[in-house]
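Student: I would like to learn how to read a structure feature by feature. Could you take me through one, giving the general idea and then the case at hand?

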Amino acid sequence: MKVLVKCFSQVKYAVGTSELVLDLNPGSTTADLEAVIREKGAGELEGVTLRTAVNKHYVSESVPLEDGDEVAFIPPVQGG
Amino acid sequence: MIMTEIVPSQIVPFPADDSRHNDGSEIVFNGRVRSTEHGEPILALEYEHYEGMAETELNGLAEKTVSKFSIHDLFCRHRVGQIGVGEISLHVVIWSKHRKEGLSAMTWFIAELKKHIPIWKWALLTTGERVPSECVNSEH
């Protein structure tokens with residue numbers, strides 16, 4: 001299944017792109033995907049707390065992903 | 001009533017409203033871009049947001065604030081993109097019967113905004129360098 005990952009701020013800097021499409025095994029979860037993104041960050045995301053959003057809504061724990069989901073790993077926000 | 005917007009250009013403040021005969025308090029907050037980051041002079045801050053999610057979260061936060069505090073209306077505009085030193089990045093107006101609940105609501109709303117709304121900023125230094133802003137979940 002394919003998911004779209006949107007990248008912002010430190011995550012965008014770490015993975016070098018603002019979005020990417022990843023092909024995941026069926027049954028993959030947001031935790032699995034976060035591990036992939038952290039690996040792509042090659043250490044740049046070490047120690048950075050990331051919240052997860054699926055289809056533009058925060059999720060408080062790891063959830064299974066579905067084909068076509070849009071996922072973002074939200075680094076500490078800085079509005080204001 | 002609430003009204004929230006994320007805008008890409010200079011913020012136009014909400015107009016004062018002399019027809020509000022039951023609101024003794026009209027509190028206006030303007031957050032402006034300071035001239036230094038990391039002790040270095042800057043030209044501007046560059047804000048990015050998660051389009052679609054930031055708008056929804058901001059609107060939800062405004063609704064929650066109006067429910068939590070005894071206030072009547074909350075209007076908010078947050079600017080994104082490049083914002084020069086001294087310019088307004090955040091504009092909030094809260095109307096309430098008395099000032100106390102309005103001030104509490106304003107403090108809580110801005111604190112929650114800084115914790116949850118998916119907006120980030122980079123500092124553009126006068127040297128031309130672009131660095132992450134030093135502000136994270138600040139209470140300032």
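**Reading helices, contacts and backbone angles**

Tutor: Let us begin with a helix in this predicted model: along helix 1 of chain B, the buried residues are M53(B), A54(B), E57(B), L58(B), L61(B), A62(B) and T65(B). Around the helix axis they cover an arc of only 165 degrees, and therefore they sit on the same side of helix 1 of chain B.

Student: What do the buried residues of helix 1 of chain B pack against?

Tutor: Their partners come from both chains, namely strand 3 of chain A and, within chain B, strand 1 (2-7), strand 4 (40-49), strand 5 (73-79), helix 2 (99-116) and strand 8 (119-125).

Student: What span should the 16 residues of helix 1 of chain B have, and how far apart are its end C-alpha atoms?

Tutor: At 1.5 Å a residue, helix 1 of chain B (residues 53-68) should span 22 Å, and its end C-alpha atoms are 22 Å apart, which agrees.

Student: Which residues of helix 2 of chain A are buried, and which are exposed on the other side?

Tutor: In helix 2 of chain A, which runs over residues 30-40, the buried residues are T30(A), L33(A) and I37(A). Viewed down the axis of this helix, they fall within an arc of 60 degrees, so they line one face of helix 2 of chain A. On the other side of the helix, A31(A), A35(A) and E39(A) are exposed. The cover over the buried residues includes strand 1 (2-6), helix 1, strand 3 (51-54), strand 4 (57-59) and strand 5 of chain A.

Student: Which residues touch the most other members of the largest nonpolar core?

Tutor: The general idea is that, in soluble globular proteins, nonpolar side chains tend to be buried together. Here the largest nonpolar core has 47 residues, of which V11(A), V92(B) and F109(B) touch the most other members. If neighbours within four places in sequence are left aside, V11(A) is in contact with I37(A), L45(A), F73(A) and P75(A); I37(A) is also one of the buried residues of helix 2 of chain A.

Student: Is V71(A) buried or exposed, and with which residues is V71(A) in contact?

Tutor: V71(A), whose place is in strand 5 of chain A, is buried, with 22 other C-beta atoms within 10 Å. Again leaving aside neighbours within four places in sequence, its contacts are V3(A), V5(A), T30(A), L33(A), T52(A), A53(A), V54(A) and L65(A). T30(A) and L33(A) appeared earlier among the buried residues of helix 2 of chain A.

Student: How should I read separation along the chain beside separation in space?

Tutor: Take two pairs in chain B and keep both quantities in view. The C-alpha atoms of I42(B) and G84(B), 42 residues apart along the chain, are separated by 8.8 Å, whereas those of Q10(B) and M53(B), 43 residues apart along the chain, are separated by 21 Å. I42(B) belongs to strand 4 of chain B and is buried, with 23 other C-beta atoms within 10 Å, while Q10(B) lies in the loop between strand 1 and strand 2 (25-32) of chain B and is exposed, with 11 other C-beta atoms within 10 Å.

Student: Where is phi positive in a residue other than glycine?

Tutor: As a general guide, most residues other than glycine have a negative phi. S9(A) has a phi near 50 degrees, lies in helix 1 of chain A and counts as buried, with 22 C-beta neighbours inside 10 Å. H38(B) has a phi near 55 degrees, is found in the loop between strand 3 (36-37) and strand 4 of chain B, and counts as exposed, with 11 C-beta neighbours inside 10 Å. A42(A), just after helix 2 of chain A, also takes a positive phi, of about 50 degrees.

Student: How many residues of chain A are in contact with chain B, and how does that side of chain A divide by residue type?

Tutor: There are 13 residues of chain A in contact with 24 residues of chain B. Helix 1 (9-15) and strand 5 (70-74) of chain A each supply at least two residues of the side that touches chain B, and that side divides into six nonpolar, five polar and two charged residues.

Student: What scores does the model carry?

Tutor: The model scores ipTM 0.94 and pTM 0.93, and chain B has a mean pLDDT of 94, with 96% of its residues at 70 or more.

Notes: Residues are numbered from 1 along each chain as its sequence is written. Chains are lettered from A and ligands numbered from 1 in the order in which they are written. This is a predicted model: local features need pLDDT of at least 70, side-chain atom pairs count only at pLDDT 80 or more; totals for chains, interfaces and linings use all residues. Two residues are in contact if their C-beta atoms, placed from the backbone, lie within 7 Å. Helices (H or I, at least four residues) and strands (E, at least two) are DSSP runs, numbered from the N terminus. Ala, Val, Leu, Ile, Met, Phe, Trp, Tyr, Cys and Pro count as nonpolar, Asp, Glu, Lys and Arg as charged, and the others, Gly among them, as polar. pLDDT is the predictor's confidence in each residue, from 0 to 100. A nonpolar core is a set of buried Ala, Val, Leu, Ile, Met, Phe, Trp, Tyr and Cys residues joined through C-beta atoms within 7 Å. A residue is buried if 20 or more other C-beta atoms lie within 10 Å of its own, exposed if 12 or fewer, and partly exposed in between; C-beta atoms are placed from the backbone. The arc is that of the directions from the helix axis to the C-beta atoms. The expected span of a helix is 1.5 Å times one less than its number of residues.
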